[in-house]
Amino acid sequence: MINETPITARYAETDQMGIIHHSVYPVWFEVGRTNFIKMLGIGYSQLEKDGVMLPLSALDCRYIKPIHYEDEVIIQTSVIKLTVSRIQFGYKVLLDGVLMAEGSTTHGFVNSDTLRPLNMKKFNQQLFEKMLNSIE
C-alpha cells in the first residue's frame, strides 16, 4: 500500500542556490508518514493519546535531482519492514513522475509514559495487522 502526499515546495525551504535544502526532506517524509498512518485509520495524535510513540532510530536519504521553489512534488510513503517493536517506512519524492529523492526512516514502538519498547502486536493487534497488510 502506498500513500501519496502532494507538497508544493515553499520559498523558505530553498537554499542560496535556489533548490530545496537537504534538511527539508526529513520534514517532507514526516508529512508523508503522518498521512500514511491516517490512511490506516488512526492519527499520530491518537496513537500518542493511546500511549504509543514512534521515536526515530534511523534516517536515510538519497538526493537524486534538485527540486526548486514552487515545484509540485508527490511524496510516496510505504511500510517496507515491520516487526512487533519497529517499523521502517520508505519514501520516494517524485516530480512529474521522475524520482528526485528517496529514503527511509526506522522507528521504534515505545510506551509514551516509560519510553520503553512495546510489542505493538499485543498493544493494538488490529493496527499492527493493518500495518502488516500494507506491506507490498
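**Group meeting: Ser78, strand S1 and the core**

Let's start with one residue. Ser78 is buried, because its relative accessible area is 17% and the cut-off for buried is under 20%. Keep in mind that this is a predicted model.

Where does Ser78 sit? It belongs to strand S4. What does Ser78 touch, leaving aside residues up to four places away in sequence? The list is Met1, Ile2, Phe36, Gln88, Phe89 and Gly90.

Stay with S4 and look across to its partner. S1 and S4 run antiparallel, joined by six bridges. One position to find on screen: Pro6 is opposite Ile74 of S4.

Now the side chains of S1, residues 3–8. They alternate. Asn3, Thr5 and Ile7 point to one face, and they are buried. Glu4, Pro6 and Thr8 point to the other face, and they are not buried.

Next, the core. In soluble globular proteins, nonpolar side chains tend to be buried together. Here, the largest nonpolar core has 34 residues. Which of them have the most contacts inside it? Tyr25, Trp28, Ile67, Val93 and Phe109.

Who supplies this core? At least two residues each come from helices H1 (24–39), H2 (44–49) and H4 (125–133), and from strands S4 (72–82), S5 (86–95) and S6 (98–108). H1 gives the most, with six residues.

Last stop, Trp28. Again leaving out residues up to four places away in sequence, Trp28 touches Ile7, Ala9, Glu13, Ile20, Ile67, Val73, Ile75 and Val93. Ile7 we met already, on the buried face of S1. Ile67 and Val93 were also on the list of residues with the most contacts inside the core.

Notes. Residues are numbered from 1 along each chain as its sequence is written. This is a predicted model: local features need pLDDT of at least 70, side-chain atom pairs count only at pLDDT 80 or more; totals for chains, interfaces and linings use all residues. Side-chain values use heavy atoms; hydrogens and water are left out. A nonpolar core is a set of buried Ala, Val, Leu, Ile, Met, Phe, Trp, Tyr and Cys residues joined through side-chain atoms within 4.5 Å. Buried means under 20% relative accessible area, exposed over 50%, partly exposed in between (1.4 Å probe, protein chains only). Helices (H or I, at least four residues) and strands (E, at least two) are DSSP runs, numbered from the N terminus. Contact means heavy atoms within 4.5 Å. Two strands pair if DSSP finds at least two bridges between them.
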